[in-house]
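Grab your viewer and let's work through a few exercises. Each one has a task, then a solution in steps.

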Amino acid sequence: MSFDTLGLAEPIIRALEKQGYQSPTPIQSKAIPVVLTGKDLLAAAQTGTGKTASFTLPILQRLSTGKPVAANRARTLILTPTRELAAQVAESVSTYSQFMPLSHCVVYGGVKINPQMMKLRRGADILVATPGRLLDLYQQNAIRFNDLEILVLDEADRMLDMGFIHDIRKIIALLPPKRQTLLFSATFSPAIRQLAKSLMQQPEEISVAPQNTTASAIKQSIIPVDKGQKSALLAELINQPDWTQVLVFCRTKHGANKLTKKLDNIGVPAAAIHSNKSQGARTRALAEFKSGKLQALIATDIAARGLDIDKLPHVVNFDLPDVAEDYVHRIGRTGRAGAVGEAISLVCIEEQDQLRAIQRLIGEIIPIVEVPGFTPTQPLKPMSIEVITPPKRKRPKKKKRLNDQAQQQETTLSKAKNKPKTTN
């Protein structure tokens, strides 16, 4: 299948060809036709499957035939949970619309609000925003939603995890009820289904991967190591000739800063990206990593989603996440759009429980690889598929119901037995 068969306009096809994209991914081939019809859509897809293009491309096509945008108005609103993801989506919109007379704007916190207000004065066909900054702009009369035609909730499950549900409901209340709503999520959790029910009208539902699976293009492995040896082991891995770039995940902001300094001290160009960093510093670090100036980007889970780095070869979990689902999102930064990637987790004995939870979630045992010189003093406990698979609960046996005749006999006997005795 090619993008031509999906009914996309020539300017969009030309932009795709310029980027070297020839065939749609499964989520794109399923979602694009639905979005083009104007129906609401509830879509689940694992990370790295081309999800952004699956809603951006058909939205561009739909907007190309509509009316011009008015000042301080937007025709499409795309909500994202993080600044990084907002910037990435806006970049995709810019790329795919380069041969179209459509405008777009991106707004998020951590930077000055006045330049964003100035941009919105011209209006935007597509507005990409994080919930908090969007509400700030609305309160200052910089944006109104009278002309809104399409709403997209991107990474909706992440928005719920980050506590944005109240902001989302406030925003929904401001929007025209007659609109197309698209909700994209990595999973169809009960909370996501409840949210979809409250804001969508008879949505089409598509899913291209089982819940909480990891991309098959990602080679996963575990290296057992003592906690105090993790930094030295990471340096050993990075210094291998075939390790060009690596995205490293730490559990804490302090840990990310500490690891960045250690790598810098041994000559590995590195930068940290987390919520304590200013938006300018985060944007700069990501840009330098994408350009190849940095060999290592050290991140906390704020970057587990929203980072789209072409052909990223390696992801390392320096610390295992406390929430098993975050493992799937972390390693999904590699092996994207059909490319092959490698995800390595440095695991100490203290993280045995997190490892078990991760393997139970993804339903597989991750191979263990020993590195000479880094054998831990306490080896990890061996796990089997039986260990990570929770036992099935046995349903209580239902009591066999008596047939009608037996029931009547039992009732008669019971009444006779309980009948009060009379005296003469």
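**Exercise 1: positive phi**

Between which helix and which strand is the loop that holds Asn-141? Then do likewise for Gln-202, and work out how accessible each residue is.

Solution. Before starting, note that this is a predicted model, in which local features need pLDDT of at least 70 and side-chain atom pairs count only at pLDDT 80 or more, while totals for chains, interfaces and linings use all residues. Residues are numbered from 1 along each chain as its sequence is written, and side-chain values use heavy atoms, with hydrogens and water left out.

Step 1: Asn-141 sits in the loop between helix H6 (131-139) and strand S5 (150-153). Helices (H or I, at least four residues) and strands (E, at least two) are DSSP runs, numbered from the N terminus.

Step 2: the phi of Asn-141 is positive, near 60°, and the residue is not a glycine. Most residues other than glycine have a negative phi.

Step 3: Asn-141 has a relative accessible area of 51%, so it is exposed. The cut-offs are under 20% relative accessible area for buried, over 50% for exposed and in between for partly exposed (1.4 Å probe, protein chains only).

Step 4: Gln-202 also shows a positive phi, about 45°, without being a glycine. Its loop runs between helix H9 (190-199) and strand S7 (204-207). With 77% relative accessibility, Gln-202 is exposed.

**Exercise 2: the two sides of H11**

Check the length of helix H11 (residues 253-265), then find which residues of H11 are buried and where they lie around the axis.

Solution. Step 1: the expected span is 1.5 Å times one less than the number of residues. For the 13 residues of H11 that gives 18 Å, and the end C-alpha atoms are 19 Å apart, so the two agree.

Step 2: the buried residues of H11 are Gly-255, Ala-256, Leu-259, Thr-260 and Leu-263. They cover an arc of only 135° around the axis (taken from the directions from the helix axis to the C-beta atoms), so they sit on the same side of H11.

Step 3: now turn the helix around. The face away from the buried side carries the exposed residues His-254, Lys-261 and Asn-265.

Step 4: look at what the buried residues of H11 pack against: helix H10 (230-238), strand S9 (246-249), S10 and S11. Contact here means heavy atoms within 4.5 Å.

Step 5: inspect the ends. At the start of H11, a side-chain oxygen of Thr-252 comes to within 2.9 Å of the backbone nitrogen of Gly-255. After H11 comes Gly-267, with a positive phi near 90°.

**Exercise 3: strand, helix, strand**

Which handedness does the β-α-β unit made by S10, helix H12 (residues 279-291) and S11 have?

Solution. Step 1: S10 (residues 270-273) and S11 (residues 296-299) run parallel and are joined by 4 bridges. Two strands pair if DSSP finds at least two bridges between them.

Step 2: to place the pairing, find Ile-273, which stands opposite Ala-299 in S11.

Step 3: the unit is right-handed. That is, with the strands pointing away from the viewer, the path from the first strand over the helix to the second runs clockwise.

Step 4: check both faces of S10. Ala-270 and Ala-272 are buried on one side, and Ala-271 and Ile-273 are buried on the other. In a regular strand the side chains alternate between the two faces of the sheet.

**Exercise 4: an enclosed helix**

How many of the 9 residues of H10 are buried, and what covers them?

Solution. Step 1: 7 of the 9 are buried, so H10 is largely enclosed by the rest of the structure. Among them are Leu-233, Leu-234 and Ile-238.

Step 2: the cover includes strand S8 (218-224), S9, H11, strand S12 (314-317) and strand S13 (341-347).

**Exercise 5: Arg-62 and its partners**

What does Arg-62 touch, leaving aside its neighbours within four places in sequence?

Solution. Step 1: Arg-62 is found in helix H3 and is partly exposed, with a relative accessible area of 30%.

Step 2: its contacts, with those neighbours left aside, are Val-35, Leu-36, Gly-38, Arg-75, Ile-150 and Gln-180.

Step 3: one of these, Gly-38, is 24 residues away along the chain, with 8.5 Å between the C-alpha atoms.

Definitions and conventions
A polar contact is a pair of N or O atoms within 3.5 Å; within protein, one must be able to donate a hydrogen and the other to accept it, and residues adjacent in sequence count only if both atoms are side-chain atoms.
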